[in-house]
Amino acid sequence: MPSRVAVIGAGAAGLVAARELRREGHAPVVFERATGVGGTWLYDPAASSDPLSAGGSYSSLYASLRTNLPREIMGFLDFPFVAVEGTDSDQRRFPGHEEVLRYLQEFARRFDLLGMVRLGTEVVRVHRDASAASWRVAYSSSKLAGVGSEEVEVGEEEAFDAVVVCNGHFSEPRLAHIAGIDSWPGKQLHSYNYRVPDPFHGQVVVIIGYHPSGIDISRELAGVAKEVHVAIRSAPCEMQTTPTTDRSNLWLHSMIERAEEDGSIVFQDGSRIKADAIVHCTGYKYNFPFIGDDIGTYVEDNCVRPLYKHVFPPQLAPHISFIGLPFASILFPLFQLQSTWVARVLSGRIELPSQDNMMHDVAAFYADMEARGCPKRSTHDLRCTFEYEDWLVEQCGMEKIEEWRKLIYIMERTTAPDRHESYRDEWEDNHLLAQAQRDFTKYL
């Protein structure tokens with residue numbers, strides 16, 4: 001049955017959700033608080049006024065950011081992310097963030113999605129209207145009060161048959177807990193608000209975290225800072241220059257034990273330094289400020305629960321759903337598969353299990369995680385496995401994901417840790433790249 005559906009967010013997940021919903025005959029309306037589509041890929045050189053929070057900034061990108069996966073496996077399954085020859089676009093296999101934004105903008109144009117998107121419109125509340133069996137979406141947007149007037153914030157509310165949440169998970173910075181930090185005199189920054197290295201010239205900087213952003217930022221800062229010290233969980237027992245780079249001013253440490261009033265940072269390995277700044281490359285927390293208690297979905301230790309297959313709250317399915325929560329091997333294709341599943345469930349082409357059976361599945365999933373010693377915060381971490389994507393493909397009756405996508409991902413994830421400096425520009429999977437290019441021809 002066709003539905004009027006509110007889609008919250010116009011990033012990669014929201015755009016493909018809108019496309020799949022419309023393909024199933026639904027009428028999606030996409031709410032986007034920023035001034036353009038692209039979500040986290042819409043770069044903003046201005047960071048938040050609060051260096052430790054998102055504030056009013058909508059972007060977590062730094063100026064030099066390049067993708068940490070090759071474009072062949074980043075793109076949607078039926079819209080290849082290919083370099084456009086003969087243009088001034090980024091031709092690199094691991095392109096900069098501007099190229100990803102260009103790709104998403106072209107996706108929105110190609111499938112005529114821009115007319116569905118209400119830019120500069122922020123959803124402030126989603127709640128059920130039990131009496132009308134519908135959902136109320138309250139939002140604010142900037143409008144002119146009259147001719148020649150300044151813009152004013154206007155609040156409105158509309159009814160929808162269903163809501164699809166696609167607001168991403170890079171908007172609520174997570175900070176490391178450091179004993180004594182309140183008395184430490186240096187400056188702190190979350191990577192959300194890092195843009196360029198210039199402000200750290202000649203300083204001693206501590207980076208917390210050694211995932212993609214920590215790796216990139218530590219190396220970029222080493223080019224201008226006096227010293228860069230990286231605190232990571234898997235550091236060697238004693239402080240040493242990292243063996244994976246020739247940068248003589250970059251060191252690895254164990255995690256931070258405490259910060260002291262004289263500016264010292266003491267690490268768990270017993271070493272200490274005097275530091276000018278700390279950059280938290282510590283990831284993000286899921287955040288849905290517009291969802292009230294009546295929805296019955298909450299975040300506990302960065303686990304959004306209860307959700308059936310990371311998408312549907314069993315007690316309210318299928319009328320509210322979440323797209324893009326998992327940290328998966330291939331994100332854009334995952335967004336597409338989840339969106340297709342949601343759209344077809346809403347149209348009745350796919351039937352969900354009963355509420356009781358969905359709750360049983362969720363409970364069994366959590367029990368299995370606990371038995372394996374996995375913390376709640378790892379609930380949505382589905383990297384290094386394609387079981388979930390394959391399950392979605394089966395549910396939707398789609399063609400299997402090409403084997404080369406999986407092999408490229410596995411090869412990149414296994415070789416990149418030993419080649420932080422070069423993995424984006426040197427690779428050994430040209431045979432897989434040739435397979436990808438052959439498969440892309442049916443969509444180009």
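Hi everyone. Let me start with what I mean by a salt bridge: a side-chain nitrogen of Lys or Arg lying within 4 Å of a carboxyl oxygen of Asp or Glu. Please keep in mind that this is a predicted model. By that rule, the count here is 30 salt bridges, and I'd like to walk you through a few.

Let's begin in helix α3. R109 pairs with E106, and their closest N and O atoms are 3.1 Å apart. Both residues sit in helix α3, three residues apart, which is about one turn of the helix. How accessible are the two partners? R109 is partly exposed at 47% relative accessibility, and E106 is also partly exposed, at 23%.

The next pair is E99 and R102, whose side chains meet in a salt bridge at 3.1 Å, N to O. These two also lie in helix α3, which covers residues 97-110, and they too are three residues apart. Is E99 buried or exposed? E99 has a relative accessibility of just 3%, so it counts as buried. Its partner R102 is partly exposed, with a relative accessible area of 23%.

Now for a pair outside that helix. R118 forms a salt bridge with E158, with the closest N and O atoms 2.5 Å apart. This one links distant parts of the chain: R118 is in strand β3, E158 is in strand β6, and 40 residues separate them. R118 is partly exposed at 27% relative accessibility, whereas E158, at 15%, is buried.

Finally, a little group: R19, E20, R23 and D78 are joined into one network by salt bridges that share partners. Thanks, everyone!

Note on methods: Residues numbered from 1 in each chain as written. Predicted model: local features only at pLDDT ≥ 70, side-chain atom pairs only at ≥ 80, totals over all residues. Heavy atoms only, no water. Helix = DSSP H or I, 4+ residues; strand = E, 2+ residues; numbered from the N terminus. Buried < 20%, exposed > 50% of the residue type's maximum accessible area, 1.4 Å probe, protein only.
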